[in-house]
Amino acid sequence: MNIQITSRKFKATDSLKEHIKSELNNLEKYADAIHDAEVILSYIHPQNSIKQAEIILSVPNKVLKATEESDDFKKSVSAATEKLKRQLKKYKTQRIKH
């Protein structure tokens, strides 16, 4: 899986990048066919310190997307990967039916 991390208007730390990679690698047990993963990190309200993580996964014949906001990037990434786990389970059952 190719992982691309984009941080808007700040520089992501190495520990944050490692956290993102470990979370995304955990998604591979739900679907083996993940081609690409794009993670976009940004500040929604800098004065309120609201941080947004948007994750876009490319799987065969479909693009899965999850967005989550919180006060910490690691929390946002974890919550977005939870959403993607549910989407991947649904995607996998639909593929089995066909």
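A residue is called buried when its relative accessible area is under 20%, exposed when it is over 50%, and partly exposed in between, using a 1.4 Å probe and protein chains only. By this scale H35, at 45% relative accessibility, counts as partly exposed. The model is predicted, so local features need pLDDT of at least 70 and side-chain atom pairs count only at pLDDT 80 or more, while totals for chains, interfaces and linings use all residues. Residues are numbered from 1 along each chain as its sequence is written, and side-chain values use heavy atoms, with hydrogens and water left out.

A good place to start is the interior. A nonpolar core is a set of buried Ala, Val, Leu, Ile, Met, Phe, Trp, Tyr and Cys residues joined through side-chain atoms within 4.5 Å. The largest such core has 22 residues, and the members that touch the most others are L41, I55, L57 and L88. Two or more residues each are given to this core by α1 (14-27), β2 (36-45), β3 (50-59), β4 (62-70) and α2 (73-97). Here helices (H or I, at least four residues) and strands (E, at least two) are DSSP runs, numbered from the N terminus. Helix α2 supplies the largest share of the core, six residues. For L88, contact (heavy atoms within 4.5 Å) is made with L27, Y30, A31, I34, L57, V59 and L64, once neighbours within four places in sequence are set aside.

Helix α1 can be checked with a simple ruler. The expected span of a helix is 1.5 Å times one less than its number of residues. For the 14 residues of α1 this should give 20 Å, and the end C-alpha atoms are indeed 20 Å apart, which agrees. An α-helix has 3.6 residues a turn, so residues three or four places apart point the same way. In α1 the buried residues are L16, H19, I20, E23, L24 and L27. Seen down the helix axis, these buried residues fall within an arc of 125° and so line one face of α1; the arc is that of the directions from the helix axis to the C-beta atoms. On the other side of α1, D14 and E18 are exposed. The buried residues of α1 are covered by elements that include β1, β2, β3 and α2.

Aromatic rings come next. A pair of aromatic rings is described by the distance of the centres and the angle of the planes. Rings of Phe, Tyr and Trp (its six-membered ring) pair if their centres lie within 6.5 Å; planes under 30 degrees apart count as stacked, over 60 as edge-to-face and the rest as tilted. The count by this rule is three aromatic pairs. In one of them, F10 and Y43 meet edge-to-face, at 5.4 Å centre to centre and with 70° between the planes. This pair links distant parts of the chain, since F10 sits in the loop between β1 (2-7) and α1 while Y43 is in strand β2, 33 residues apart. Both rings are partly exposed, F10 with a relative accessible area of 21% and Y43 at 34%. F10 also pairs with F73: the ring centres are 4.9 Å apart and the planes lie at 10°, so this pair is stacked. It too joins distant parts of the chain, as F73 belongs to helix α2 and is 63 residues from F10. F73 is buried, with a relative accessible area of 6%. Together, F10, Y43 and F73 form one aromatic cluster.

Some single residues also deserve a look. E54 lies in strand β3 and is buried, with a relative accessible area of 15%. The side chains of E54 and K65 are joined by a polar contact of 3.2 Å. Such a contact is a pair of N or O atoms within 3.5 Å; within protein, one must be able to donate a hydrogen and the other to accept it, and residues adjacent in sequence count only if both atoms are side-chain atoms. Leaving out residues up to four places away in sequence, E54 touches E38, V39, I40, K65, A66 and T67.

H35 is found in the loop between α1 and β2. With the same sequence neighbours left out, H35 touches M1, N2, S58, V59 and P60.

Finally, the backbone. Most residues other than glycine have a negative phi, and most peptide bonds are trans. K9, which is not a glycine, has a positive phi near 65°, and K9 is exposed, at 85% relative accessibility. S49 is not a glycine either, yet has a positive phi of about 60°; S49 is found in the loop between β2 and β3.
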